[in-house]
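Me: I am in my first year and would like to understand how the words used for a protein structure follow from computed values. Could we go through some of them slowly, with the reasoning spelled out?

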Amino acid sequence: MKTIKNIIITCCVFMAITGCDKGFEELNTNPYAINDLDPEIIFANTQVTLSFGSWEGEATIAQYFQNAYDLGATSGFQFNENNNNFNQIRWGNYGDPIKNLVQGLENISDDPSKTNLKSMMRIWKALIFMNMVDTHADVPYSEAGRAYLDSNYTPKYDDDAVIYEDLYKEIKEASAALNPTADIVTADLIYNGDVTKWQRMANSLLLRLGMRYSKVNPTKAASIALEAFNAGVMQTNADDCVLFYNDLYTNEMNEISGNNPRFYYLEEPLINRFQLTDDPRSTYISGKYPDPNDVLNTPPDVTLAEQQGFPVGYSDFTAADLPDFPGTKGTGLDYSQPNYFALFSTLAPRFFITNSQTKLLLAEAAFRGWIPGNAQALYVEGIKASMDQYDLYPGGYGAISVTDQDAYIADAEVAYNATDALELINTEYWVSNVNNPLEGWSNFRRSGFPALSPNPYNGGLTGDGFVHRAPYPTQESGSNPDSYTAAGIAIGGDNLTTRVFWDIP
Amino acid sequence: MFKKNTNILLIIKKNIYTCSLVNHKNYKMMWKSIANSKDHLISTNLKTIKSMESKFTIYCSQRRLMRNAIILRTIMFSVMMLGAFGFAHAQTVTGKVTDANEVPLTGVNVLLKNTSTGTITDFDGQYQLQIGGQTSPSLIFSSLGYETKEVSVAGKTIINVTLNESASALDEVVITALGIKKESKKLGYAVESVQVEDLQSSRTNNVGSSLVGKVAGLDISPPSSGAGASNKIRLRGQSSFAGADNAPLIVINGLPMDQGNRGADMINGNTRDRGDNLSNLNPDDIESMTVLKGATAAALYGSRAANGAIIITTKSGAKSQGIGVELISSSTTNTVLDFTNFQTEYGQGTNGQRPATQGQAAGTGQFSWGEKHDGVPTVQFDGVLRPYSALGKNRIKEFYRTGSAMTNSIALSGGGANGSFRTSFSHTQAKGIDPINEYRRKIVNLGLNQNITEKLSLSLNINYTHENNDNPPQVGQQGQGAPNFLYRMSQTIPTSAFRESNYNPETTTERQTSGFQGTLINPYYLYDRIFYLDTRDRFLGTATLRYEFNDWLYAQGRINYDFSTSFNERNNPTGVGTNNPLNNAQTGFGGSYDVENGTGTDLNADFLLGTNKEFGDFSVDFSVGGNIYKTKDRNVSAGARDFIIRDLYSIGNGVANVQDLGFARTQVNSLYAFADLGYKNILFLNATARNDWYSVLNPDLNSYFYPSVGGSFIFSELIDSSWLTYGKLRATYADVGSANGVNAFSGILNYSLNNNAFDGQKLGGIAGNVSPNPFLTPFSVSEQEIGLELRMFRSRVNLDVAVYEKTTTDQIINVDLTQTSGYESTPQNLGSLRNRGVEFILDVTPVQTDNFTWNSAFNAAFNESEVLKLSPASDQFLVAEYGGNEFLGRLYYQVGMPLNQLAARTYLRDAQGRIQVDNNGNVLATSPSDYKYFGSALPKWTGGWTNNFTYKNLSLLIHTDFKAGGYVISSTALNGLRQGLTQESLVGRDGSAPILDAVIQGTDTPAPAPTNLASYYAGFRNNQIGDPFIFKSDFIKLRTIALTYDMSGILRDQNSFVKKLTLSAAIRNVAILYKDIPNLDPEAFASSGDTRVGYEQTTLPTTRDFTFTVNVKF
């Protein structure tokens, strides 16, 4: 009995004395968690998670592709609708790589042994933000990704031109800091840590950045282009910034083949251009399936003459009234669909920055006299470089032969002439960027080529009739309302027709 | 046989007859605890009663007492015989005991003063007692609720007595926090007991569902989500913002546990409702259920009880009772209710045309925008020609089956001089209405009380539950789950076609039935291939040691142990919603297979040192105690993503594999003290103080101290009124600290590695999407309430009114962040919220005669919330977005408005209020950032009305309940309109503009008719125009009719060995008397959480349930 009494009393006293919070700090740590991670691993991850956009997004605006059905959730740019489902795609996916890059850079900020890693991360971050600005104009930049570091939960949106200024500085500085004798970033999935290739990639990105100024500030464009050119841009396709996928990590943009592939068709301007120029790239891009909703079981018929693009400004319903309506097939329509075995395969590589883009930009710069060089030669090299990319696509179609390449370049519609140089170069840029639709759309906005017709749906859009930016996701009005509202005012209206700073009429 | 000063105490506790032998001291305490309970004291020797520790909480009605009177008398007699009391020289006294209205009183104790000789009155108030040997004998007449009367025999042989009702004795003893029993008159706050018999007669698979409309202020919403579903339980409103656990604490035999809702909540990615912790309980094991409302009542449980507490005591037998066996068998049938009233005039198709080819039919199955039904054979998705008519209009009833639930339980109980026990086993087997949903449950329960020595007692409660929940239905989402398909497909297609033609041999996948192939999944294809098997084992154990140092000081130590383990196996089969069996990388068959093993341990250890003393008119109870609450959860999972061999579900068969280990541990330490002061029986004061330390918070910010103070004033003691039996005024204020909503380790940034390497390169990054916040502090919920209790006209009219105000300050909310911050959310101390309300209980017995009683109990609660403060930056907080890939609307908190505002964009109107359309007739919406509030998703009014009619052995219960004042966004209405299914979609099919007074923007030109109604209504979704899809969620339901026949009396008359036999039949969900939302039961909701509140997204149809129960006791 005494014992029990003592136990009870001891318990009471024990609680009273130790009752506070002894050992809580240790208790509140997860013994199974990773508290620190090699920043290279974090960097490599951001190479995979960078958002490439979507077919129903910029690829639709650039008139490569469309979902033909007007069903509410699927009605977006193809019907001149401001549909949040498509506005938010890049936005919704950039937080993760930005957070990791910002935190990763913070973690190694005072580590001199990580010079190259730091530079690569800065360049990669610059690429992401350039994509963001090109898509949305003003975006959070200086305060982005810092919720944990600064408790900044409502980052302000920075002016798009100001961001570009900083991107210029970032790319320059980071590129200059790259040092072949410093750390080797073996985790790098794209160049395996090759510093020279990173420098070329950075300079090609700088060239792209510079050329964006061609309308708004030609002097600046010329100066940056020359700067990039002199610093050394990509030389061959071996310099391409490209990510190859595998069974475990796939090209998510191409997952549209999973459900309802009958929704998706290639647009008339692209198919018409292919047919006009007899473009051998068409094989990898366009085809017709026996059943538009069953696209993975058998490869499509890629015969170029059989292709027909879906008319811009129509839906499945309104297209049926057109004289050249090819009719329905199975549950879908008898228009050309994406080739899911090649360029639209989930194993298709993703080209971020390429030799082909670089050559074509240089061709324009040379034509304008901003850099030394032969515009025509660069134009041809750019086309060939684009065609050479196709060897890397799955589907077993092989490489585009030199004969075919030469035949294409000799085509009357393609052959270089100085009078139409800007149109030719930039139309080629548009065709060659089917695999990078944001770049195709951006360059179209910058250069005005190719000469696409605006989408007349819903009475057309104001201005020149084209979508010039993706509006901010409506979620921002809930999660960052003040900054969102301010940004909408700053850019002159959060709608489809507002222009990014470099995009002037 | 008995010692000289041993006395016999016989108590009726419901149907349990307790006979206790008690010794000399502590008469007062004993008497009080019995007299103030609603148990009936049958016979005592008043001189020498001492304490006893049984639980006296159950209200025992007069009618039940009557039923039991005879058997009691028999027991009483046996006891007396045992006691070897002599009745040698008999003088017989007889008489009748009545109340002031000359109504005979049954069960009145008649005791020969200074002896143990006594009897009780029978049904007619008659008694007969043999006396003899005493000098100047007198009889003492006592009965609970009446003043005790002493009458001198003085040679009389007939003594008729009239007893007057007493006031204080009407009071009950309730179990309050920490299992401490208190007389309810002492309490400054509202408590309400639940009639546990009703839980048994109108039983549901989850005990919580039976509580709907039963307790004022207790708002229960049973989602319609399967046989093993959870409930949403809110007491006095939703006291905190989403993210905290807003359900009341559940305390089973002193073991506190969260409701543990595992409901369907798309926000957290769950589409299947996997039940909650109340489903671990067998209603037959429940002895009492008390609801402690509000923060005050629960101040001593600490933060976990900031939303009040439901205190459940399970049976543990009674002392000196002998062995008893009870068998209960119950069977329920659930019939499907179909509230749809879809149009049957127009058939499948688009733009006024029926499908012309099989392909068109397979691409338009979701649309009813075709031609008028004419019975002409028309091709369908499977190529078969069928009459163009509404062949599928009974789809809901054709797809779902009649559900059933069978429960059998056996209980064995007994008690000796020093202890008692009860053990039970129950088995439930339920088939859900969803054809592959089954739920099985086995529960073993043991309760044990033992006096180890005179001063030391032990009680032990163990509950072990084994649950199998097979295929809890997927609800509340697009995509998988039958409801989404059944409520949206064209009625032209018969159910049999979906069943027979679900497989496409050419593609080896699900046959396409609609243009939304990926999101409208044919359940017949899915159900043959999918499985989701959930197994759960749960062990609850409580051991309490209590030691009485002396008659004013005791110590108690207790350990609660709650261990659960679950195993989950699930797949996602190949070929669902696609023509493509391969995954997109074409490297394997699409699909997934996962197994998951979780274990959770909750340990609660507490001690209490208590004293109680009386000093003249003053009484003092004072206690100090402490508590350690620890949790540890571990979750190990493994899965396969895409298969190398088709249809082989094994982890090794994955193209890619995933695995994870989840771990969390938390601890809360607490110290507390509380005191009760009493003055006479008139004034009482309660005060508590508690300090908590939370492990999940930063060590510099982890301590919180909080007090409560309350009191009661029994003013009826001061008033001599003929009609007022009892009157009490109560008031209280309490503050409760909480770290609710903060997860373990949430202040620390961690990293994680991807499961699979990228070509040999490991990838990783910051773990999770929540930005760690190490600067969180505990928040508080404070509550004040005043209440009035009146018992009038001899307790025929009872009234309880409570007014309360509950304020949550600086709650920790998981704030959704903009993606641009890098994270998706972060916990912050930023929400303040107030709930104000009134609760009203009126219990009237209009008729009470010998054979017939009519009792009518009405309860209603009004609760209105107001958001007081959000972040410094914004008065608005987005809780959930139902738009995007869902359908429509948002859920907001808005400062100055009630919680949970449903919002959507609305029509763009001109200055005259006319709806604006574009040149094509399509409606225009306000800007994407201009969302309009349509009202709060939470009901303001909840309540119920129970009428109980008892005629002799037959009783009839009719229960109605209601909710009012909330709103709902219906995606069924939206989809029905845009897909041409609802009656509303008939407007405009004749080529007129669907909205009559709409005009083209900026003009007076009447709106032109849109060329395509499907596109026109798709625009409503696209533009998030909510107006036509928002309804009141109000309803009045005739919830339950239950009939019970008690044959115990008849059996007794026949001296059967069967002691009790009751038969009952009940119907649940008899009728909806009022509702606003079309095509659905207003309770057909998928989620029991706080983030999808007010969002209707197709769920299982509700059911009408028929239950038969037999209860036999030997």
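Me: How much area does chain B expose, and what share of it do carbon and sulfur atoms supply?

Reply: Please keep in mind throughout that this is a predicted model. In this model chain B exposes about 38600 Å², and carbon and sulfur atoms supply 55% of that area. Chain B has 1114 residues, of which 63% are buried, and its secondary structure consists of twelve helices and 56 strands.

Me: Why is N1069(B) called buried?

Reply: A residue is called buried when its relative accessible area is under 20%. N1069(B) has a relative accessible area of 11%, and 11% is under that cut-off, so N1069(B) counts as buried. This residue lies in strand β54 of chain B, which covers residues 1060-1075, and, leaving aside residues up to four places away in sequence, N1069(B) touches K1037(B), L1038(B), R1039(B), T1103(B) and R1104(B).

Me: What makes the approach of the N1069(B) side chain to the backbone oxygen of T1103(B) a polar contact?

Reply: The side chain of N1069(B) reaches that backbone oxygen at 2.8 Å, and the limit for a pair of N or O atoms in a polar contact is 3.5 Å.

Me: How do you know that R368(A) and E364(A) form a salt bridge?

Reply: The cut-off for a salt bridge is 4 Å, between a side-chain nitrogen of Lys or Arg and a carboxyl oxygen of Asp or Glu. The side chains of R368(A) and E364(A) meet at 2.9 Å, N to O, so the pair satisfies the rule. Both residues belong to helix α15 of chain A (residues 355-368), and because they are four residues apart there, about one helical turn separates them.

Me: Why is R368(A) called partly exposed, while E364(A) is called buried?

Reply: Partly exposed is the class between buried, under 20%, and exposed, over 50%. R368(A) has a relative accessibility of 33%, so it falls in that middle class. E364(A), with a relative accessible area of 1%, is under 20% and therefore counts as buried.

Me: What makes the pair R641(B) and D594(B) a salt bridge, and which parts of chain B does it tie together?

Reply: Their side chains meet at 3.1 Å, N to O, which is within the 4 Å limit. R641(B) lies in strand β32 (residues 618-643) and D594(B) in strand β31 (residues 589-615), so the pair ties together parts that are 47 residues apart in sequence. R641(B) counts as partly exposed at 31% relative accessibility, whereas D594(B) counts as buried at 9%.

Me: How is the size of the interface between chain B and chain A expressed, and which kinds of contact are found across it?

Reply: The size of an interface is often given as the accessible area lost when the parts come together. Chain B and chain A bury about 8300 Å² between them, with 58% of it on carbon and sulfur atoms. Across this interface the rule finds zero salt bridges, but it does find 33 residue pairs in polar contact. On the side of chain B that touches chain A, the residues divide into 39 nonpolar, 55 polar and nine charged. In total, 103 residues of chain B are in contact with 100 residues of chain A.

How values were computed. Residues are numbered from 1 along each chain as its sequence is written. Chains are lettered from A and ligands numbered from 1 in the order in which they are written. This is a predicted model: local features need pLDDT of at least 70, side-chain atom pairs count only at pLDDT 80 or more; totals for chains, interfaces and linings use all residues. Side-chain values use heavy atoms; hydrogens and water are left out. Helices (H or I, at least four residues) and strands (E, at least two) are DSSP runs, numbered from the N terminus. Buried means under 20% relative accessible area, exposed over 50%, partly exposed in between (1.4 Å probe, protein chains only). A polar contact is a pair of N or O atoms within 3.5 Å; within protein, one must be able to donate a hydrogen and the other to accept it, and residues adjacent in sequence count only if both atoms are side-chain atoms. Contact means heavy atoms within 4.5 Å. Buried area is the accessible area (1.4 Å probe) that two parts lose on being put together, summed over both. Ala, Val, Leu, Ile, Met, Phe, Trp, Tyr, Cys and Pro count as nonpolar, Asp, Glu, Lys and Arg as charged, and the others, Gly among them, as polar. Accessible areas come from the Shrake-Rupley method with a 1.4 Å probe; for residues, only the protein chains shown count as cover.
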